[in-house]
Amino acid sequence: MNLGVAMKTNAYSSNPDLSRDVGLDLNEQRLSLVKHMMLSRESDLRENILFRQGRGQFHVSSSGHEGLVGLSTSIMPGDYVYAHYRDRALMLSLGMSLYDIALGYFAKAESSSGGRQLVNHFSCKKLNIISAATPTALQCLPAAGTAWGLKKEGKDNVVFCFIGDASARQGEFFEALAFAIQESLPVVFVVEDNGYGISTPTGEMTPLSLGMLPQDYLHEIDARKPFQFELRARSVVEDVRSDRKPAVIWAQLDRLSPHTGSDDHEKYRSSEELIRMQMRDPLDQAQSDLFKLDSSYNQEFFDEMAKWAKECVRETYIRAENAADPDLDVADSNVLCAQNENLDRSFFKRNVFSNDHQTWDMAGAWVSTLDAILHENKKVILFGEDIEDPKGGVFGLTKGLSTKHPGRVVNSPLAEATIAGLASGLSVAGFFPIFELQFVDFVGPALNQIANQISTLRWRSNGDYSCPLVIYAPCGSFISNGGPWHSQSNEALFAHCPGLNVIVPSRPEDASNALYAALHSGNPTIILLPKRQFHVQYDMAEAHSGQRNGAHIRIRGEHVTIVAWGNCVSIAEDAARSYAASGVYCEVIDLYSIVPCDWETVFASVKKTGRLVVVQEDVKTCGFGQAIISEVCSRQDVWGNMYASPQLVSRGDVHIGFHPNLERQVLPDVNKVKSAIASTLGQ
């Protein structure tokens, strides 16, 4: 075998052709796998040296996990890969270039994340390798969502999800596996069992050792023997591809190096254990097996290959180290897609009702809007608890839709993380999810996906991937007897996550238009629907068509600016009308878009009136009302025109009690708003 042919490169080139090898016989194919294993191992060593020299910021080793390259022969074009941070060799064997990996190590501008991601957080749009995030097992539910999308489109592709053995104790792994089994999804979960979660031995705490995995879907394979692993894994994947059902490959391997460059595994592993692991080195095993197949692959041959790999890695990393660093002015780019300035924002009037004098409530407008969107866009999928007929949602927000659109309005399990995680993966697969959380109070399990996966995907992939979707939820109080967990508003919770649009409408037309705008925004959007407004009738002759900037001036005035959203808009309006009788005219701004926020409308009004009252039902500390006051006070041109300090009318830092008296005591009301107005007037 000619070494130059085997390497598919000129001697010591810093940019070798690492595209996937096709048309090779079995021995050549296995030599290709060894080549990628060797490059991975050498780049590992190089990165560790650079880290010790202070020329790299962090190091995560893949040594010992190289045997997973055997799966590369089963991953086909059109498949999706959610990678683990020790999958360096696999990424090379799938076609990711060594230079891209080196750029990622140095966090350079040309890297897939533009310098935003930690090392080994692999991403490659052209190879369907989805940008990885650090929280463990975060990729499992999105992987199931992408597989769900493949099934819905009738494609024969497969999704591969790689996680560590310690991560398999995360609840989201079990939720993803449960949904994949429930829906017979073409997804392969590959658990990379190296026996440790950093320094903690996992042998007695994994789902495998505890007997918690369904045997019909489980395949235990030794990945320390790469060629045997390849054959057995290929059989598993072929079954998944043909039978369209999930599988769990539990791959046994060793982590030959410390957890990271900052770790010292000799502190918690015995010398005997370290020696045993080295004797099971998958790279040595692969070379030995290859020699047994063809004696021309002798030690001299592999020594020459090692020299090639070493020089290739050296030159590649020198080139990457000298590449450009990220520009400072792009640090905040690709957080959100820009607003579509040409979008017709009168969807409600055009598509939901024909009589301008008709009265509508928010619940009816929402159902009708969903119906119109489902008719218009066949890629829209609705998913949530109890949303199918005959229930149609606990508030009737999807009533009749599963009957009209069978297979596209689907009941979810009672699992909020599943709802959010599947939305992310379904979006990656090209669908537009509109998913319901039954009450925003129960968002806790979904926050991992919303804050760490959905809101960061566009930013962390530097715009390569985006996650357009809608998660909506009934919110708020003022309906009595909701208690602590059916009364929350929580808009500040979502506004705190960069990468989300956050909408809290007070009127039917704004809820409808916001949903339609979200469909065309390219962004993940949270829409919180105030329960108190569901059945309040509004005359559509007075409906706004949907302003671009996300704020309406509901009442014009010249003495005091009142800013409110959601349930509090009607309270602000009632207070303003009450004060008008005494000759004080308040301007009421309905700030129905929290993110993006129409700051200019707020600033212009406060400069005109010189006084500001903000009304919210969320908790006081770190609520969005405090953000508004902070922004106003930080603008010298606004602050200089003010006659009094701003006032915040808010629920205090307290939960909402079940008894109506306790609820009324802590929530904003007209008298509290009037008192705040009086304070700004010096009364």
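Which residues do ring pairs link into a cluster? The views below start there, and the model behind them is predicted.

**Figure 1. Ring pairs link four residues into a cluster.** The members are W148, F179, F383 and F435. Two are Phe residues with numbers in the hundreds above W148 and F179, namely F383 and F435. The count of aromatic pairs in the model comes to 19.

**Figure 2. Two charged side chains sit over aromatic rings.** R319 places its charged end over the ring of Y99. The distance to the centre of that ring is 3.7 Å. K379 lies over the face of F431. Here the ring centre is 4.4 Å away.

**Figure 3. Helix α12 packs against helix α18.** Helix α12 covers residues 362–376, and helix α18 covers residues 508–519. Their axes are 8 Å apart, at an angle of about 25 degrees. Angles under 35 degrees count as roughly parallel, so α12 is roughly parallel to α18. The crossing of α12 past α18 is right-handed. From α12, the contact takes in M362, A365, W366, T369, L370, I373 and E376. They meet P508, A511, S512, L515, Y516 and L519 of α18. By class, this contact has 10 nonpolar, 2 polar and 1 charged residues.

**Figure 4. Helices α14 and α15 cross at roughly 25 degrees.** The view shows α14 (residues 416–428) with α15 (residues 444–454). Their axes come within 6 Å. The two helices are therefore roughly parallel to each other. Their crossing is right-handed. On the α14 side, the contact residues are E416, A417, A420, G421 and S424. On the α15 side they are P445, A446, Q449, I450, Q453 and I454. The contact divides into 6 nonpolar, 4 polar and 1 charged residues.

**Figure 5. Helix α19 packs obliquely on helix α24.** Helix α19 spans residues 568–580, and helix α24 spans residues 670–680. The packing angle is about 55 degrees, and the axes lie 9 Å apart. That angle makes the pair oblique, because it falls outside the ranges for roughly parallel, antiparallel and perpendicular. α19 passes α24 in a right-handed crossing. I571, D574, A575, S578 and Y579 contribute from α19. V670, V673, K674, I677 and A678 contribute from α24. The contact of α19 with α24 has 7 nonpolar, 1 polar and 2 charged residues.

**Figure 6. The loop between β10 and α13 holds D386 and P390.** Strand β10 covers 380–384, and α13 covers 401–404. Most residues other than glycine have a negative phi, and most peptide bonds are trans. D386 is not a glycine, yet its phi is positive, at about 65 degrees. D386 is found in this loop. The peptide bond from D389 to P390 is cis. Its omega is near 10 degrees. P390 also has its place in the loop between β10 and α13.

**Figure 7. A cis peptide bond joins V595 and P596.** Omega is about -5 degrees for this bond. P596 has its place in the loop between β20 and α20. Strand β20 covers 593–595, and helix α20 covers 599–609.

Notes:
Residues are numbered from 1 along each chain as its sequence is written. This is a predicted model: local features need pLDDT of at least 70, side-chain atom pairs count only at pLDDT 80 or more; totals for chains, interfaces and linings use all residues. Side-chain values use heavy atoms; hydrogens and water are left out. Axes are lines fitted to C-alpha atoms, for helices over the stretch in contact, and angles run from 0 to 180 degrees between N-to-C directions. Helices (H or I, at least four residues) and strands (E, at least two) are DSSP runs, numbered from the N terminus. Angles under 35 degrees count as roughly parallel, over 145 as roughly antiparallel, 65 to 115 as roughly perpendicular and the rest as oblique. A crossing is left-handed if the near helix is turned anticlockwise from the far one by less than a right angle, and right-handed if clockwise. Contact means heavy atoms within 4.5 Å. Ala, Val, Leu, Ile, Met, Phe, Trp, Tyr, Cys and Pro count as nonpolar, Asp, Glu, Lys and Arg as charged, and the others, Gly among them, as polar. Rings of Phe, Tyr and Trp (its six-membered ring) pair if their centres lie within 6.5 Å; planes under 30 degrees apart count as stacked, over 60 as edge-to-face and the rest as tilted. A charge sits over a ring if NZ of Lys or CZ of Arg is within 6 Å of the ring centre and within 35 degrees of the ring normal.
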